[in-house]
Amino acid sequence: SKYVLTCEYFTPDISDKYMTFRDFKDSSPLVSYFTNQTSKTLENSFSGNISILRRCCEDLGGIKQQTESFDCSFLFQALPRVAVVLNFNDKDEIFPAACTMLFRKSARQFLDMECLAMIGTLLAGKLTRK
């Protein structure tokens, strides 16, 4: 209900940066849950299968982001004004696969931490079921 009541009247600041779930105030009780249900799930599911992850992201309507920092980066519009960026680096000889989800700082204006965690979990679930 908070989202429905505030979304129409909020205009994000130009400097509305992306941040990890962990960086949000009040996220600490859910960080472990979020990490296990999103990042770890995607790392375990797509490690060594980056082409499958890319296809799944495209099938779910993700918009490929141009970046040299990640092997795979997609933007998803979870709700109007609530975007999620999925960044994924596949495993290599030295490092294991690594995944992060980013939300705009303004997402906190619309949703509480539990709802943001559910958005990440839902996205991870849809990607792994693909």
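Here are five short exercises on the structure above, each with a worked solution.

The model is predicted, so local features need pLDDT of at least 70 and side-chain atom pairs count only at pLDDT 80 or more, while totals for chains, interfaces and linings use all residues. Residues are numbered from 1 along each chain as its sequence is written, and side-chain values use heavy atoms, with hydrogens and water left out.

**Exercise 1. The overall layout**

Work out how many helices and strands the protein has, and in which pattern they follow one another.

Solution. Start with the elements: helices (H or I, at least four residues) and strands (E, at least two) are DSSP runs, numbered from the N terminus. With that rule, the protein has five helices and five strands. Now walk along the sequence, and the pattern reads α-β-α-α-β-β-β-β-α-α. To finish, look at the contacts (heavy atoms within 4.5 Å). Of those with a separation of 6 or more, 58% join residues 24 or more positions apart.

**Exercise 2. The sheet**

Find the order of the strands in the sheet, and say which strands stand at its edges.

Solution. First the rule: two strands pair if DSSP finds at least two bridges between them. In general, pairing in a sheet runs through backbone hydrogen bonds, either parallel or antiparallel. Next, trace the order: the five strands form an open sheet, β1-β5-β4-β3-β2, with antiparallel pairing. The edges belong to β1 (18–20) and β2 (63–64); each has a single partner strand, so one side of each is left without a neighbour in the sheet.

Then check individual pairs:

- β1 and β5 are antiparallel and joined by three bridges, and Y18 stands opposite R104 in β5.
- β4 and β5 are antiparallel too, with six bridges between them, and N87 stands opposite T100 in β5.
- β2 and β3 pair in the antiparallel sense over two bridges, with F74 in β3 as the bridge partner of K64.

**Exercise 3. The nonpolar core**

Identify the residues with the most contacts inside the largest nonpolar core, and the element that gives the most to this core.

Solution. Begin with burial: buried means under 20% relative accessible area, exposed over 50%, and partly exposed in between (1.4 Å probe, protein chains only). A nonpolar core is then a set of buried Ala, Val, Leu, Ile, Met, Phe, Trp, Tyr and Cys residues joined through side-chain atoms within 4.5 Å. In this protein of 130 residues, 39% count as buried. The largest nonpolar core has 32 residues, and L53, L86, F103, L116 and L127 have the most contacts inside it. At least two residues each come from α2, α3 (50–59), β3, β4 (82–89), β5, α4 (107–110) and α5. Of these elements, α5 gives the most, with seven residues. Take L127 as an example: leaving out residues up to four places away in sequence, L127 touches L42, F46, L53, C56, C57, L60 and L86.

**Exercise 4. Two residues compared**

Decide for A107 and for D26 whether the residue is buried, partly exposed or exposed.

Solution. Place A107 first: this residue sits in helix α4. Its relative accessibility is 1%, so A107 counts as buried. Beyond its neighbours within four places in sequence, A107 is in contact with V82 and L116. The C-alpha atoms of A107 and L79 are 9.8 Å apart, with their positions 28 residues apart along the chain.

Now turn to D26, in the loop between β1 and α2. With a relative accessible area of 46%, D26 is partly exposed. Its phi is near 75°, a positive value in a residue other than glycine.

**Exercise 5. The two pockets**

Establish which element gives the most to the lining of the largest pocket, and which to that of the second largest.

Solution. A pocket, on a 1 Å grid over the protein atoms alone, is an open set of points where a 1.4 Å probe fits, with protein on both sides within 12 Å along at least five of seven lines; lining residues have an atom within 4 Å of a point. The largest pocket is lined by residues including L60, F76, I119 and K126. Here α5 (113–129) gives the most, with four residues. For the second largest pocket, the lining includes T20, F34, E43 and M101. This time the largest share, five residues, comes from α2, while α2 (31–46) and β5 (98–104) each supply at least two.
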